[in-house]
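Got the viewer open? Load the model, switch to cartoon with sticks on demand, and follow along stop by stop.

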Amino acid sequence: MLCDTHTHLAAYSHDAKQTIDELLACAAQNNLSAVCITDHYEKDLFYNGREDIFDLTRYFADLTAIKATLPETAPELLIGIELGYLPHLDDFYSALTRDHPFDCVILSIHILDGKDPYFTSDLYQAGSETVYRRYLTALIDMIHQCPDFDILGHFDYISRYAPVSDLKMHYDHFPSEFEQLLGFLAEHGKALEINSRSIVRLQSGGYQDFDAWPDPMIVKRQLELGGWISLGSDAHNPDEAGNLFTETTAWLRQLGCREVVHFVRRQPVFTKI
Ligand SMILES: [Zn+2]
Ligand SMILES: [Zn+2]
């Protein structure tokens, strides 16, 4: 049984619309063994005038209390976080991850050149190839500067919102960047996330069947390098936990992947697929 390593709750993430009960019900329905809550924590980023952070002491207290009430048959509840990276936050995030007992830390970039592609397409004026390369380069810089994390969040986030018909990010367009990125993840025991929300975006952009999944070459190289793969739905809504995991594990098996990873108390746990 699988763990969904990337989920959000309305109580902490500004853009989420699900309660813990809804999330756990969906996780149980999709036969997940565990679900990790990874709410957005984005210091110095403001949405509707409010900084996108929350009280971590309350977060741990609330989620730990909920954990204690769950029946044995419920999916295991893990407490993680999705850190929204900006280059000046290295020291701040290093201290934050050191000082809190997370099960799992996802490190993500939502902002490139001061802009969030979800809100503005200005970012893409240089052309999608140039912007994708800049995003990958920013990810490479991030993982070197802020290495206390477990999962690289949605490496393909920049492709979700590109105003082009060919959204997909291809290994062959950026071999040097992918080699640096995947090499670091493999060498340091970090997981490459396959993010269901990115797949759903490609599906709605017209990609059919497994063409909506990431470029297989990216996964093949991660595996050849000895790297790990994690599964994250990036669930923001009540029916999304574990979304597309059955299809994704079938796709991963075709690519020679035999196990996926999740993290408990920052230690890897492997599940055969
Ligand atoms: Zn994210
Ligand atoms: Zn997320």
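Select helix 7, residues 196-204, and show its side chains: S196, S198, I199 and L202 are buried. Buried here means that 20 or more other C-beta atoms lie within 10 Å of a residue's own, exposed means 12 or fewer, and partly exposed is in between, with C-beta atoms placed from the backbone. Helices (H or I, at least four residues) and strands (E, at least two) are DSSP runs numbered from the N terminus. Look down the axis of helix 7: its buried residues fall within an arc of 160 degrees, so they line one face of the helix. That arc is taken from the directions from the helix axis to the C-beta atoms.

What covers that face? Add helix 5 (157-160), strand 7 and strand 8, which are included in what covers the buried residues of helix 7. Contact means that the C-beta atoms of two residues, placed from the backbone, lie within 7 Å. Just after helix 7, click G206, which takes a positive phi of about 100 degrees.

A word on what you are looking at: this is a predicted model, where local features need pLDDT of at least 70 and side-chain atom pairs count only at pLDDT 80 or more, while totals for chains, interfaces and linings use all residues. Residues are numbered from 1 along each chain as its sequence is written, and chains are lettered from A and ligands numbered from 1 in the order in which they are written.

**Next: strands 7 and 8**

Select residues 228-232, strand 8, where 5 of 5 residues are buried. Turn on the side chains and see how W228, S230 and G232 point one way while I229 and L231 point the other. In a regular strand the side chains alternate between the two faces of the sheet. Now bring in strand 7 (residues 191-195): it runs parallel to strand 8, and 5 bridges join them. Two strands count as paired if DSSP finds at least two bridges between them. To pick out one of these bridges, select I194 and its partner L231.

Stay with I229 for a moment. Which residues does I229 touch, leaving out those up to four places away in sequence? They are A191, L192, I194, V219, Q222, L252, C257, V260 and V261. I229 is also one of three residues, with V35 and L107, that touch the most other members of the largest nonpolar core, which has 70 residues. Such a core is a set of buried Ala, Val, Leu, Ile, Met, Phe, Trp, Tyr and Cys residues joined through C-beta atoms within 7 Å.

**Then: helix 6**

Select residues 175-188. Helix 6 has 14 residues and reaches 20 Å from its first C-alpha to its last, close to the 20 Å expected at 1.5 Å a residue; the expected span is 1.5 Å times one less than the number of residues. Color F178, L181, L182 and L185, the buried residues of helix 6. They cover an arc of only 85 degrees around the axis, which puts them on the same side of helix 6. Flip to the other side and you meet S176, E187 and H188, which are exposed. The buried residues of helix 6 pack against helix 4 (128-145), strand 6 (151-152), strand 7 and helix 8 (216-224). Helix 6 is followed by G189, with a positive phi near 65 degrees.

**Over to L78 and T73**

Find L78 in strand 4 (residues 76-84). L78 is buried, because 24 other C-beta atoms lie within 10 Å. Its contacts, again leaving out residues up to four places away in sequence, are A34, V35, C36, D103, C104 and V264. Draw a C-alpha to C-alpha distance from L78 to C3: they are 75 residues apart in sequence and 9.4 Å apart in space.

Now hop to T73, in the loop between helix 2 (56-69) and strand 4. Buried or exposed? T73 counts as exposed, because it has 6 C-beta neighbours inside 10 Å.

**Last stop: the hairpin**

Select strand 9 (residues 259-264) and strand 10, which pair antiparallel over 6 bridges. H262 has V269 as its bridge partner in strand 10. Between the two strands are 2 residues, and R265 in this hairpin takes a positive phi near 50 degrees. Strand 10 (residues 267-272) is hardly covered, with 0 of its 6 residues buried.

Zoom out to finish: the chain holds 9 helices and 10 strands, and 43% of its 273 residues count as buried.
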